[in-house]
Amino acid sequence: MTATIRIELQSITDVEADVLIVNLFEGTTQPTGATGALDQALGGQISALIETGDFTGKFKELKVLYPFGKLKAKRIFLVGLGEAAEFTHPRARQAAAVAARAARDHKAVTVATVVHGAGEGHLDTALAAQALTEGTLLGLYQVTTLKKHQTPSTLTDLIVVEADAEKYQAIHDGIERGRVIADATNYARELINRPANLLTPTNLADAAQDVANRFGLGLNILGDQELKDIGANAILAIGQGSPEESRLIVLNYHGNPDSEETLALVGKGITFDTGGYTLKPAAGMENMKTDMGGAGAVLGAMQAIAQLKPKANIMAVIPAAENMVSGTAIKPGDVIVTMNGKSMEIVNTDAEGRVVLADAITYALRNGATKLVDVATLTGAISVALGRQVAGLFTNDTDFASVVKEAFHRSGERAWELPIVEDYSNAYKSNVADMKNSAGRDGGSIIAAMILREFVEETPWVHLDIAGVARDIEGNQELNPRGATGFGVRTLVELAFLQESQEQ
């Protein structure tokens with residue numbers, strides 16, 4: 001969505017729009033505030049709906065009313081917010097998305113809305129406005145296609161209506177922050193949804209170049225020769241089966257030059273994953289363009305961080321490669337020596353993510369990272385454990401993990417911590433190398449995390465396995481269409497600001 005967002009300080013009854021969105025909490029017997037003003041102007045229509053039980057205010061319930069000339073707005077959308085005591089910023093996002101999608105379905109051009117939860121919901125006004133903006137823009141996102149005939153959204157204007165002039169600045173600030181974060185999430189979605197023939201490692205590096213140029217980030221891109229020069233054999237090994245060169249993409253944001261702390265965000269960037277000689281099943285392989293979902297999240301987050309300017313130093317490291325089958329591809333049983341000198345026996349060429357991340361983590365540590373989060377579509381096992389709405393979280397540092405969890409709480413994205421089980425380390429021991437890159441099905445997500453931990457050294461680290469949440473297969477969630485979700489962007493942005501507060 002590219003609609004213009006603006007604030008209008010006026011009475012709700014004077015708004016001119018194709019759709020006017022107001023809300024109601026569950027259990028309300030008499031509407032107040034903006035909803036009460038509309039009820040009075042409509043001759044008690046909303047009160048009648050409540051009295052008859054035709055509208056209860058249940059979360060995400062939506063009713064369309066027609067003013068019949070009593071208001072300048074053509075339609076009224078009444079959206080339910082659920083119980084007031086249970087109302088949160090994530091619920092505000094969802095409610096905004098539900099209403100915005102319904103407005104699009106009605107082919108509205110101009111939509112006006114109140115800020116959900118800033119009154120009776122007792123949410124901070126700026127945060128409520130941010131949630132409104134994020135929910136609207138994320139909910140309205142449409143996958144860009146190469147179809148000859150596409151049906152674009154008719155919605156061009158979003159008006160945020162507020163009668164209290166003293167709230168103007170808070171709403172403005174919340175809208176701007178929400179717009180930046182939603183745009184960054186949708187940018188990540190665009191990258192992840194792009195067909196793999198149009199998003200090779202080189203194309204991904206070009207996208208990073210564009211972000212760096214537009215938003216003033218430092219950039220370093222290493223090709224095959226530079227990777228050889230620094231001993232990044234793990235990245236090269238996974239990419240060697242493809243005619244496309246691999247890349248190591250590094251972006252830097254220096255928001256606090258006086259600090260020696262640097263938070264590294266490492267995103268897995270396998271632009272297509274056949275599984276190599278450990279070939280994936282044909283069914284669903286077309287979705288393996290999503291295997292750079294971690295890279296997309298990190299690149300989107302850096303776009304937002306560069307605009308919002310937290311006082312922190314952030315480094316993004318993206319190992320980009322294609323995992324293909326050919327006469328030059330790595331084979332089961334091959335042994336490589338990673339950038340930090342540890343050797344790895346490749347027993348499963350489809351366990352390639354941890355291989356490229358090993359070198360990316362080492363690069364981040366050698367270039368000043370003091371804390372590290374990696375984001376990767378790493379294991380199918382994680383969706384078996386947690387489903388497709390919750391990411392897996394692993395860590396070697398409970399204090400740092402608590403900060404990352406707070407970032408998730410603020411963003412509304414969801415993750416659950418799984419254990420590191422030391423007894424499982426025997427499972428990936430090798431007779432010919434320091435370790436194997438896989439240990440079979442049992443405990444697959446845990447063992448993958450433990451292999452990554454071998455390269456982290458003593459640095460505080462959190463691993464996010466997003467294989468289950470990077471793509472919405474059905475498109476049934478309010479904030480996501482069918483396709484890439486951009487999961488992780490919002491959390492990583494919040495983490496950058498928490499990093500700022502940690503250093504103060």
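A nonpolar core is a set of buried Ala, Val, Leu, Ile, Met, Phe, Trp, Tyr and Cys residues joined through side-chain atoms within 4.5 Å. The exercises below concern a predicted model.

**Exercise 1. Describe the largest nonpolar core and determine which helix gives the largest share of it.**

Solution.
1. The largest nonpolar core comprises 61 residues.
2. Those with the most contacts inside this core are Leu204, Leu265, Leu299, Met302, Ile305, Ile314 and Val373.
3. Helix α9 (residues 293-308) supplies the largest share of the core, namely 10 residues.
4. Another core lies apart from this one; it has 49 residues, among them Ile382, Met435, Met450 and Ile451.
5. As general background, nonpolar side chains in soluble globular proteins tend to be buried together.

**Exercise 2. List the contacts of Leu204, leaving aside residues up to four places away in sequence, and classify the packing of helices α6 and α9.**

Solution.
1. With those sequence neighbours not counted, Leu204 touches Leu199, Ile249, Thr271, Met292, Ala295, Leu299, Ile318 and Ala320.
2. The axes of α6 (residues 201-215) and α9 come within 10 Å, and their crossing angle is roughly 10°.
3. Angles under 35 degrees count as roughly parallel.
4. Therefore α6 and α9 are roughly parallel to each other.
5. On the α6 side the contact is made by Leu204, Ala207, Ala208, Val211, Arg214 and Phe215.
6. On the α9 side Ala295, Leu299, Gln303, Ala306 and Gln307 take part.

**Exercise 3. Establish whether the residues of strand β15 are buried or exposed, and identify the strands with which β15 pairs.**

Solution.
1. Strand β15 spans residues 391-395, and five of its five residues are buried.
2. Both faces are covered: one side carries Ala391, Leu393 and Thr395, and the other carries Gly392 and Phe394.
3. Strand β16 (residues 415-417) runs parallel to β15 and is joined to it by three bridges.
4. Within this pairing, Ala391 has Ala415 of β16 as its bridge partner.
5. From β15 the chain passes through helix α12 (residues 398-411) to β16, in a right-handed β-α-β crossover.
6. Strand β18 (residues 461-465) pairs with β15 in the antiparallel sense over four bridges.
7. Here Leu393 stands opposite Leu464 of β18.

**Exercise 4. Give the strand order of the open sheet that contains β13, and name its edge strands.**

Solution.
1. Three strands form this open sheet, in the order β12-β13-β17, with mixed pairing.
2. Strands β12 (334-337) and β17 (435-436) each pair on one side only and are the edge strands.
3. Strand β13 (residues 343-346) pairs with β17 in the parallel sense over two bridges.
4. Glu345 has Lys436 of β17 as its bridge partner.

**Exercise 5. For Phe68 and Lys107, state the sign of phi, locate each residue in the chain and decide whether each is buried or exposed.**

Solution.
1. Phe68 is a residue other than glycine, and its phi is positive, near 50°.
2. Phe68 is placed in the loop between β3 (62-65) and β4 (76-80).
3. A residue is exposed when its relative accessible area is over 50%.
4. Phe68 has a relative accessibility of 73% and therefore counts as exposed.
5. Lys107, which is not a glycine, likewise has a positive phi, of about 60°.
6. The loop between α3 (89-105) and β5 (110-113) holds Lys107.
7. The relative accessible area of Lys107 is 61%, so Lys107 is exposed.

Conventions
Residues numbered from 1 in each chain as written. Predicted model: local features only at pLDDT ≥ 70, side-chain atom pairs only at ≥ 80, totals over all residues. Heavy atoms only, no water. Buried < 20%, exposed > 50% of the residue type's maximum accessible area, 1.4 Å probe, protein only. Pairing = 2+ DSSP bridges. Right-handed = clockwise from strand over helix to strand, strands pointing away. Contact = heavy atoms within 4.5 Å. Axes fitted to C-alpha atoms, helices over the stretch in contact; angles between N-to-C directions. Parallel < 35°, antiparallel > 145°, perpendicular 65-115°, else oblique.
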